[in-house]
There are 2 protein chains.
Amino acid sequence: MSTPDIEAFLRAMREVLPDDAVCADATARDRYARTTQPAGTRPAAVLFPATTEEVAAIVRLANDHRVALYPISRGRNLGYGDACAPTEGAVILDLGRMNRILELDTRLGYVVIEPGVTQQQLFDHLRRHAPDYWMDATGAGPDASIVGNALERGFGHTPYGDHVRTTCGIEVVLPNGRAVLTGFGHHANARTVHVYPYGVGPAVDGLFMQSNLGIVTKLGLWLQPAPRAFTFFYVKVDRDAALEPVIDRLRALRMDGVLNSAVHVGNDLRIVSSQQQYPWEAADGRTPLPDPVRAALRARWGVGAWNVSGSLTGTRDQVRGARRMLKRAMRGLGRVVFVDDARLALGNWVAGALGRFGLGARLRRQLEALRPNYGLLKGIPTDFPLQALAWRLRKAPAQWDDPLAAACGLLWISPVVPATGEDARAVLDIVAPRFHEAGFDLLATFTFINERAMIGIFNISFDKTLSEECAAAARCYHAVMDALLDAGYPPYRVAVHGMARLWRDDDTFQDLLRDLKRALDPAGILAPGRYIPEESGAPIRHSRESGNPETQE
Amino acid sequence: MSTPDIEAFLRAMREVLPDDAVCADATARDRYARTTQPAGTRPAAVLFPATTEEVAAIVRLANDHRVALYPISRGRNLGYGDACAPTEGAVILDLGRMNRILELDTRLGYVVIEPGVTQQQLFDHLRRHAPDYWMDATGAGPDASIVGNALERGFGHTPYGDHVRTTCGIEVVLPNGRAVLTGFGHHANARTVHVYPYGVGPAVDGLFMQSNLGIVTKLGLWLQPAPRAFTFFYVKVDRDAALEPVIDRLRALRMDGVLNSAVHVGNDLRIVSSQQQYPWEAADGRTPLPDPVRAALRARWGVGAWNVSGSLTGTRDQVRGARRMLKRAMRGLGRVVFVDDARLALGNWVAGALGRFGLGARLRRQLEALRPNYGLLKGIPTDFPLQALAWRLRKAPAQWDDPLAAACGLLWISPVVPATGEDARAVLDIVAPRFHEAGFDLLATFTFINERAMIGIFNISFDKTLSEECAAAARCYHAVMDALLDAGYPPYRVAVHGMARLWRDDDTFQDLLRDLKRALDPAGILAPGRYIPEESGAPIRHSRESGNPETQE
């Protein structure tokens, strides 16, 4: 790309956008550079379009001026780069002002929303206007964008947790500045745009997820009718070696349809980290945590080596039958505890309601530790999981609502893993030693994303105020990612600074993506380097020895 | 496209393919031109590649010689054009020799198959090697290709009926002759190619369905574990006016997950047509059928104005609960009859087994008429539905195994319809008068393809030996399709001769498809005119008055 003239572009922008929609001051640019990653990228400016037409106008002018745009929905790509572009000096398109809920169909169960709509906003809207429907919430927090997360293939916890499958009909501004509606959307008056996803002819929606081929400005999303019955379940698995049969038996139940929502299998430290920080005093700063300290933490919070949680939903008959089958499947591996609304009003959870049902103090603490999941399994957004980000801070942050204001360092590593005990163990055997070697404890979860696959989530939590810990986190991230790729477990999603590690020379699929990028965005103005290799004079070369990740892009 | 030199191309072909894989004799070309459509197209030659490498070699040479290729899997695109290309004189790539079942994973429940694999072949293979799994069968018959049908988004009848959602990881030969694997397929050693469909980065699979952007040479397909319990259900709905509440209540059950497989709602004549031909004598040749004749047919076969059939699958508890809820939902609309394997061995159906359970002769006939559905709901391929093709023949064909050998005329019209009674009625009000005006009775089904949408299937059955009936069928097809498009009900799939009717001037989406086509297939050699508008000197113009469909392409 020839040197872009940002100033001329911004002058042109000020002619088509309101004054307050163009922002290039240093404070704002710094704010958008904040990230939980070891290092962020600083944008050249931030634009705030309010309509699809404004987005289109921006894109057209960016082509004229050959300026790189980076669209964000609400910039909460937490643990994967937040609002940061892969490259320095991009112009951020913050779509936060496009926050309308355009349509709610209570008969067919869907909404059409803009990218600025937050999880909390949709949740409140449904509670008021469609109380018979659930939304599916991800763990990204109440302020996160639903559209932005869905486009990254983030996942939630109810039976509607795979948002790729519940997205139906999107509007996209192409890099040429023209807007398209997918599926049946381009057929005049079509009544089926948001009830049947494929339309007739090729389906292009997949091109606009995890990509840089267009800016999604509207999205149709299916809503789940509130199930007639709901039960939360928890299984404490004491023996680490029981992981394999636990996963294999859960897979069988998932394939049979007995389990139909996300099922989490988290290790002890993952659960503990949502309750307290790393025990600096007890562990004397050592990592991995000495075994006795770790055992004491398990005892304190009443958690097992592995902890299974999820929900059973459906009709009363279905849930009753599923309880029976789950109990039978877990026999010999762990005791299954069921909690439902009838026995326990969510609000009373902390207030000791459990005691009334004869549950002991230890079980109460177990459930307390699992509380965030209970709400998520009903599609209720929560910022509780964000508290786990402080795990490695030397002192607890003063405020929780903005993890970027604290010094929380966070890198997610999230490989897709076949839903077998054998594969789960193989992945742990790759990840754990590399975490330990770099001075981090392993916080691990496996979540069933469908009947056959799980997403493993391993978070490197670190203290951003310590430069040596930042460097260790970055080294650990790349060492683990490379090892997982070599072993055949690529990630479902990557951080902006990690995308180039996915690319290989002489890859037909990657060449196809480049052909598509060249066809749709010949000037390469849209989110360069995002998931699709950048064009350049020289072919892109990837070398694992090519230096530290901060400067890789 | 400049005038292709077919002869030179075929000479080149004979150097890279075995002798018996290149065929240009007149008999074969005539055979591939046969169709149930009013008119077919005749290919210039037929090639029979046996490997992905051969397909790639053919594609590269087709580019050199600028020859139009038209790939078919087994050529059973019944009712939509059979083996015919949209254009005259294409070179057919018959992939029937690529018929290997490459992989069967009984732990994770999937197969990887080539395009030549037939429904019967996979069914037999599973019965032998994986009896705990079901395949999902479509109504296209035992000899139809699974891959070809899935790429056309054909649908089956079990909970795995939407094959777009059960396809995971495909191999595609691009128009440039290079092969790509989608999803995680291009990552070396990836263990998750066939268990997680999206990979990381953009997902391109949708580009290769209902399109002409690549030739699919392998496909991963998920298998359903045989459910612990299965019950077939049938509801006879006597009053035509009950259609609306029937659909609305079925939708509620589908959204709740009580119903999880395809549910058919077929009219009287659709059911009758699978049992007998048009009653030429009784009706004295009149169409639409006089009311008394139609009433007599309903009485004879014991069918209602509308007939609902489907299955309940899952665990025993789930099926028991679902029976109760279905009965309650249908109260006042029709009586629900349940039939399961325990009560009725499928093989004894015809042999009078029903009598043993006290079912009356009329009920027995009802169920007899619905028999083909019973097998399909268990994923058993059948050619029974093909018998309905003879509805309008003046005499029954001598042999059933090849509908193309008889004079069966068939055009499917298959709009997507929101799953509401109101929309179903609106569609019938559009379709029925136009069928009647053209001299055809309306054979109609609505099938729930997901929780929110149905596919309406309306077949124009006609006698190909009568040229005036062929012309009437073609006129009727286009009149109905145009009216459905105007009213906002585009089809899920179209016949090869009907594709150009979908295209409109000044359509951004269509321009996007053309950009993609130009990028991937600059010479336009692959299946020109198939779902994506052809490039040409002049922009494509569509006029509804532009003449009869036979000569439109």
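This tour moves through a predicted model, beginning with the domains of chain A and ending at a helix of chain B.

**Domains of chain A**

Begin by colouring chain A by its domain assignment, which gives domain 1 (6-97), domain 2 (101-225), domain 3 (229-487) and domain 4 (500-551). Next, display domain 1 together with domain 4 of chain A. Here 13 residues of domain 1 are in contact with eight residues of domain 4. On the domain 1 side of this contact, α3 (52-65) and β3 of chain A each supply at least two residues. The largest share of that side, three residues, comes from β3(A). Sorted by class, the domain 1 side has 10 nonpolar, two polar and one charged residues.

**The sheet that contains β3(A)**

Keep β3(A) selected and add β1, β2 and β4 of chain A. These four strands form an open sheet in the order β1-β2-β4-β3, with mixed pairing. Which strands lie at the edges? They are β1 (22-23) and β3 (69-72) of chain A, each of which pairs on one side only. Strands of a sheet pair through backbone hydrogen bonds, in either the parallel or the antiparallel sense. Now select residues 91-94 of chain A, which make up β4; this strand pairs with β3(A) in the parallel sense over four bridges. To see the pairing residue by residue, select Leu69(A), which stands opposite Val91(A) in β4(A).

**Where chain A meets chain B**

Show both chains. In this interface, 72 residues of chain A are in contact with 73 residues of chain B. On the chain A side, the elements that each supply at least two residues are α6 (163-166), β9 (179-181), α7 (243-256), α11 (316-329), β17 (416-418) and α16 (508-520). Select α16(A) in particular, since the largest share of that side, nine residues, comes from this helix. By class, the chain A side has 40 nonpolar, 17 polar and 15 charged residues.

**A helix of chain B**

Finally, select residues 467-487 of chain B, which form helix α15. What span should its 21 residues have? At 1.5 Å a residue, the helix should span 30 Å, and this agrees with its end C-alpha atoms, which are 30 Å apart. Among the buried residues of α15(B) are Ala473(B), Tyr477(B), Val480(B), Met481(B) and Leu484(B). An α-helix has 3.6 residues a turn, so residues three or four places apart point the same way. To see what covers the buried residues of α15(B), add elements of chain B including β16 (408-413), α14 (421-437) and β19 (453-463). Conclude at Gly488(B), just after α15(B), which takes a positive phi of about 95 degrees.

Key:
Residues are numbered from 1 along each chain as its sequence is written. Chains are lettered from A and ligands numbered from 1 in the order in which they are written. This is a predicted model: local features need pLDDT of at least 70, side-chain atom pairs count only at pLDDT 80 or more; totals for chains, interfaces and linings use all residues. Two strands pair if DSSP finds at least two bridges between them. Two residues are in contact if their C-beta atoms, placed from the backbone, lie within 7 Å. Ala, Val, Leu, Ile, Met, Phe, Trp, Tyr, Cys and Pro count as nonpolar, Asp, Glu, Lys and Arg as charged, and the others, Gly among them, as polar. Domain bounds come from an automatic or database domain assignment. The expected span of a helix is 1.5 Å times one less than its number of residues. A residue is buried if 20 or more other C-beta atoms lie within 10 Å of its own, exposed if 12 or fewer, and partly exposed in between; C-beta atoms are placed from the backbone.
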